[in-house]
Amino acid sequence: MCSHWTRSRYLLFCLAMVLLLGAVALLAISLGAVDLKPAWILQIVLNKLAGRDLFPPVWPDSAVSIVWELRMPKVVAAVCIGAALSVAGILMQALTRNPLADPYVLGISSGASAGAVAAMLFGGLPLVGRFSLQAGAFGGALLASLLVFLLAGAGRADTTRLVLTGMALAAVFQALTNLLIFLSPDSRKVSSALFWMTGSLGGVTWADIPLVCTVGLTGLLTAILASRPMDLLLMGEARAITLGVETVRLRRLLILLGSLLTGVMVSLAGAIGFVGLVVPHVARTLFGAAHRRLLPAAALMGGVFLLLADMLARMLARPEELPIGIVTALCGAPFFLWLLHKSRYRFGE
């Protein structure tokens, strides 16, 4: 199927995804406990970006706070997190040469959650200050990545061994997380941690955006630069070495990059499942296994997917808000099973 995608068609698809992303973002900002006119949203955003009133304010004062302070940061975060988790899923699949690998299935998200909850409940890490939550999540994700890679024999493991290893590690890290919550003396922190663990963008503010955008963009660009070595790695380690790929260094890079993306995104939104599994499958079905095309397309599709999930989380039970992890699981798991049944591609082709 990927052979039909010429360069111009691929660029047209990416442009269409950008426009779709903008349309969904506008819809996501307009809908909620209080519905707002799309024209108001565009004018408020442009006024804020310009730093002055390009458009006369004909909306109530509360609309500015709802658009700019409450909904806009969540929309930006949803796009960044969806894109980053999709890229992390592709990195894990290239690392293990397995189409069922992703941070959630391999237990890496659970490891990140355990590290983040430890930092949340028992105080920050002294050397990293306000980034202790992110550092804890990254440490947990890195530990889980290394354990999966070592215990499953990652590149040589079949699907069953890899998935079972990930499930076992996810159970271990989940048990550790529950133990930390049980031992915590602060009921307020426990309540906050329990809601955060289900996946939520409710606490996102503009102060969180620079880090997730920087990490997400850096991860995507680094992965694109490593596209050719990842393509060669899919052919087998021996062949990749013959063609000049330093496989040990590449694997270290993929582990660090996947752990960083997963850890930072989990630290902000909790463990959100199936984004890094479903989106890469759809993108790979459309564009094949060539990572230079696969990565940007999957990042855009992941942003749209999580933005739609966040919008559904706010709409299904309004004025209350469902945890976004529930929505991604309800949407992602059945779709993945259907995709797995219908898909005819072979991984690496």
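## A walk through an all-helix chain

Let's start in the middle of things: helix α4 and helix α5 cross each other in a right-handed way. Keep in mind as you look around that this is a predicted model. The α4 helix covers residues 108-121 and α5 covers residues 132-152. Their axes come within 6 Å and cross at roughly 145 degrees.

So which residues of α4 and α5 make the contact? On the α4 side you'll find I108, G111, A112, G115, A116, A119 and M120. Facing them from α5 are S132, L133, G136, A137, G140, A141, A144 and S145. Sort that contact by class and you get nine nonpolar residues and six polar ones, with no charged residues.

Now head back towards the start of the chain, to another pair of helices. Here α1 (residues 7-30) packs against α2 (residues 38-50) at an angle of about 105 degrees, and their axes are 9 Å apart. An angle anywhere from 65 to 115 degrees counts as roughly perpendicular, so that is how α1 sits relative to α2. Where they touch, L26, I29 and S30 of α1 meet P38, I41 and L42 of α2. By class, this contact has five nonpolar residues, one polar residue and no charged ones.

Time to step back and take in the whole chain. How many helices and strands does the protein chain have? The tally is 14 helices and zero strands, so reading along the sequence you simply meet one α after another.

What about the overall shape? Along its principal axes, the box filled by the C-alpha atoms is roughly 65 × 55 × 40 Å. A compact globule of 349 residues would have a radius of gyration near 20 Å, and the protein chain agrees, because its own value is 20 Å. Buried residues account for 52% of the 349. The chain also brings together residues from far along the sequence: take the contacts between residues at least 6 apart, and 76% of them join residues at least 24 apart.

For a last stop, zoom in on a single residue, P185. You'll find P185 in the loop between α6 (159-183) and α7 (187-197). Is P185 buried or exposed? Its relative accessible area is 78%, and since anything over 50% counts as exposed, P185 is exposed. From there, look across to F122: P185 and F122 are 63 residues apart along the chain, while their C-alpha atoms are separated by 9.3 Å.

Key. Residues numbered from 1 in each chain as written. Predicted model: local features only at pLDDT ≥ 70, side-chain atom pairs only at ≥ 80, totals over all residues. Heavy atoms only, no water. Axes fitted to C-alpha atoms, helices over the stretch in contact; angles between N-to-C directions. Helix = DSSP H or I, 4+ residues; strand = E, 2+ residues; numbered from the N terminus. Left-handed = near helix turned anticlockwise from the far one by under 90°. Contact = heavy atoms within 4.5 Å. Nonpolar A, V, L, I, M, F, W, Y, C, P; charged D, E, K, R; others polar. Parallel < 35°, antiparallel > 145°, perpendicular 65-115°, else oblique. Rg over C-alpha atoms; globule rule 2.2 N^0.38 Å. Buried < 20%, exposed > 50% of the residue type's maximum accessible area, 1.4 Å probe, protein only.
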